[in-house]
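Open the model in your viewer and show the side chains as sticks. The stops below are given in the order in which to select them.

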Amino acid sequence: MGKLKAAAKAISFAINELIKMKCKKIILGCTELPIAIFAFKSFSNIKSSKIFLDPNLILANSAMAKNKSWFMSKNNDKPYVLRVAELIYSKIVNIKRENPEMNNIQAFEVFMTTKEYELIS
């Protein structure tokens, strides 16, 4: 805890190795990873990057966009963030059902090309 420079050094090596292996997406799936990444690169670079996927940032951006009337009018019995999470989950499950050979990352990449993703982004 509190060793951002050491974390940045460790994570930069891992990121560079993944990029060398032609990794298309890096999911920042642990709460510590975005912090370590931000120590390695600036927030604006991370946010504009097409390679890093921060699930917390995706959900936060979706929550901020809750003024989209098409989504607000549906299922008002649940918090907005929960409705967005359910939408993402159901779309990815359907993509994987239609394409059983896909892994989760590939399914998420397909989801990112959909109309639903555009509406919640």
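**Stop one: a charged pair within one helix**

Select K20, which is exposed, with a relative accessible area of 62%. Keep in mind throughout that this is a predicted model. Now add E17: its relative accessible area is 29%, so E17 counts as partly exposed. E17 and K20 form a salt bridge, and their closest N and O atoms are 3.5 Å apart. Both residues belong to helix α1, which covers residues 4–20. They sit 3 residues apart, about one turn of the helix.

**Stop two: a charged pair between two helices**

The structure holds 2 salt bridges. For the other, select K91 and E116, where the closest N and O atoms are 3.3 Å apart. Which helices does this pair tie together? K91 lies in helix α6 (residues 80–98) and E116 in helix α8 (residues 115–120), so the bridge joins parts that are 25 residues apart in sequence. K91 counts as partly exposed, at 27% relative accessibility.

**Stop three: the aromatic rings**

Clear the selection and pick F108, F111 and Y117, which ring pairs link into a cluster. The structure holds 2 aromatic pairs. In the pair of F108 and F111, the rings are tilted, with 6.0 Å centre to centre and 50 degrees between the planes. F108 and F111 both lie in helix α7 (residues 104–111), 3 residues apart, about one turn of the helix.

Is F111 buried or exposed? F111 has a relative accessible area of 0%, so this residue is buried. Next, measure from F111 to Y117: this pair is edge-to-face, with 5.7 Å centre to centre and 80 degrees between the planes. Y117 is buried, as is F111. F108 also counts as buried, because its relative accessible area of 14% is under the 20% cut-off.

**Last stop: the whole chain**

Switch to a cartoon view and step back. The secondary structure comes to 8 helices and 2 strands. Traced from the N terminus, the order of elements is α-β-α-α-β-α-α-α-α-α. The protein has 121 residues, of which 29% count as buried. Turn on the surface: the protein exposes about 8300 Å², and carbon and sulfur atoms supply 60% of that area. Finally, consider contacts between residues at least 6 apart in sequence: 50% of them join residues at least 24 apart.

Note on methods. Residues are numbered from 1 along each chain as its sequence is written. This is a predicted model: local features need pLDDT of at least 70, side-chain atom pairs count only at pLDDT 80 or more; totals for chains, interfaces and linings use all residues. Side-chain values use heavy atoms; hydrogens and water are left out. Helices (H or I, at least four residues) and strands (E, at least two) are DSSP runs, numbered from the N terminus. Buried means under 20% relative accessible area, exposed over 50%, partly exposed in between (1.4 Å probe, protein chains only). Contact means heavy atoms within 4.5 Å. Accessible areas come from the Shrake-Rupley method with a 1.4 Å probe; for residues, only the protein chains shown count as cover. Rings of Phe, Tyr and Trp (its six-membered ring) pair if their centres lie within 6.5 Å; planes under 30 degrees apart count as stacked, over 60 as edge-to-face and the rest as tilted. A salt bridge is a side-chain nitrogen of Lys or Arg within 4 Å of a carboxyl oxygen of Asp or Glu.
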